[in-house]
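Work through the exercises below with the sequence and the 3D view open. Each task is followed by a solution in steps.

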Amino acid sequence: MVTAYDYSSAVHVDSAGIDLILVGDSAAMVAHGHGNTLPISLDLMLEHCRAVVRGAQRPLIVGDLPFGSYESSAAQAVESAVRLVKEGGVDAVKMEGGAPSRVSAARAIVEAGIAVMGHVGLTPQAISVLGGFRAQGKTIDSALKVVEAALALQEAGCFAVVLECVPSPVAAAATQALQIPTIRHRGWISVLVYHDLLGMFHSPDHSKVTPKFCKQFGNVGAVITKALTEYREEVEARSFPDAICTPYKMSCKDADDFASVLQKMGFDGSAAAAAAAADNAEKLVHRKPQEMSTNGVLTAGAAVY
Ligand SMILES: Nc1nc(=O)c2c([nH]1)NC[C@@H]1CN(c3ccc(C(=O)N[C@@H](CCC(=O)O)C(=O)O)cc3)CN21
Ligand SMILES: CC(C)C(=O)C(=O)O
Ligand SMILES: [Mg+2]
């Protein structure tokens, strides 16, 4: 399971054959730059869900219920879950927490006909009471609470539960106790945030949106920065764009006529510039292949024009 927040990330995750996509409220952090997940609204989550749904066909798509959209009552939870499915197009919803009121909300959503994924352990929407992004289940008492919460969510009808930031004995015990699948986040990991696994951000510059440790399966951020830098340098050096790169063609005759019309109108400078550009394009096109740069773009261009 990997998160996705927009069309292009959904296309990538689908192409990689990944089974589940989470449209996570972590979008607040990695897509919008907030320091935690609390600010994102249900309306904004719906936009992210719609974009992801357009990009992915095969994976099961789960949408996070954002902070403030399901805590007040079971009725509010059902209403928000219905919107995620009906307007967002997701296949299932995920909600954080295992307190009795959350378990009742999960049951009500399932009874409304919507599949629910639970989420216990570190529940980022509760940072205010947890005191930060802190691992959970590190004492016997809190470890038991994690297992009990997971069991209660299963009993309420959840089809899976995410166990986030819990020690491996706690994840193992909960997984053994449950019949439904457990999805581990940061432990034995099987859900990762897209940007984390691709290495999209260079810590520590973006430490507020990048958790301390996560296996990086790529270094995409560095690839992006390199490409953007090369583009900027080529534009600054005026080596890109060159005449041959333009796909918009004008016949030599039209170019000449265009220049004389400009001249008649009194735009002498423009006429000269247009004629020079036409001349330049002409020269490039008629160069012999061996005179061309070994750059593939130029060579391909010579064949076309
Ligand atoms: N990019 C990103 N990746 C995530 O995994 C993620 C988000 N955003 N946003 C929502 C939550 C927040 N998450 C986080 C954020 C920070 C830590 C973190 O730094 N944990 C420390 C401290 C643990 C402790 O104090 O007990 C760690 O070392 O793992 C963990 C999970 C997981 N989720
Ligand atoms: C980290 C995962 C489990 C999540 O809830 C999110 O990305 O929002
Ligand atoms: Mg989330």
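**Exercise 1. Which helices each supply at least two residues of the shell around ligand 1, and how does this shell divide by class?**

Solution. The model is a predicted one.
- Step 1: α2 (27–30) and α9 (194–198) each give at least two residues to the shell around ligand 1.
- Step 2: 19 residues surround ligand 1, and those that come nearest are Ser26, Phe133, Ala135, Val193 and Pro211.
- Step 3: By class, the shell around ligand 1 has 11 nonpolar, 4 polar and 4 charged residues.

**Exercise 2. List the residues that surround ligand 2 and sort them by class.**

Solution.
- Step 1: Around ligand 2 are Thr3, Leu22, Gly24, Asp25, Ser26, Asp64, Val162, Glu164, His185, Val191 and Val193.
- Step 2: These divide into 4 nonpolar, 4 polar and 3 charged residues.
- Step 3: Compare with ligand 1: Ser26 and Val193 are listed for ligand 2, and Ser26 and Val193 are also among the residues nearest to ligand 1.

**Exercise 3. Describe the largest nonpolar core and the surroundings of Ile21.**

Solution.
- Step 1: The largest nonpolar core contains 70 residues, and Ala4, Ile21, Val23, Val52, Val93 and Val161 have the most contacts inside it.
- Step 2: Helix α7 (residues 140–156) contributes the largest share of this core, 8 residues.
- Step 3: Beyond its neighbours within four places in sequence, Ile21 contacts Val2, Ala4, Ala10, Val13, Val52, Ala56, Pro59 and Ile61.

**Exercise 4. Is Met117 buried or exposed, and what does it contact?**

Solution.
- Step 1: Locate Met117 in strand β5 (residues 115–121).
- Step 2: Met117 has 26 C-beta neighbours inside 10 Å, so it counts as buried.
- Step 3: Apart from neighbours within four places in sequence, Met117 is in contact with Val62, Ala92, Lys94, Cys158, Phe159, Ala160, Val161 and Val162.
- Step 4: From Met117 to Thr139 is 22 residues in sequence and 25 Å in space, C-alpha to C-alpha.

**Exercise 5. Cys165 and Arg238 each have a positive phi. Which is buried and which is exposed?**

Solution.
- Step 1: Cys165, with phi of about 50°, is not a glycine and sits in the loop between β6 (160–164) and α8 (168–177).
- Step 2: Cys165 is buried because 21 other C-beta atoms lie within 10 Å.
- Step 3: Arg238, also not a glycine, has phi of about 60° and belongs to the loop between α10 and α11.
- Step 4: Arg238 has 8 C-beta neighbours inside 10 Å and therefore counts as exposed.
- Step 5: The loop between α10 (220–236) and α11 (252–264) also holds Pro241, and the peptide bond from Phe240 to Pro241 is cis, with omega near -5°.

Technical notes
Residues numbered from 1 in each chain as written. Chains lettered and ligands numbered in written order. Predicted model: local features only at pLDDT ≥ 70, side-chain atom pairs only at ≥ 80, totals over all residues. Near = placed C-beta within 6 Å. Helix = DSSP H or I, 4+ residues; strand = E, 2+ residues; numbered from the N terminus. Nonpolar A, V, L, I, M, F, W, Y, C, P; charged D, E, K, R; others polar. Core = buried A, V, L, I, M, F, W, Y, C linked by C-beta atoms within 7 Å. Buried ≥ 20, exposed ≤ 12 C-beta atoms within 10 Å, placed from the backbone. Contact = placed C-beta atoms within 7 Å.
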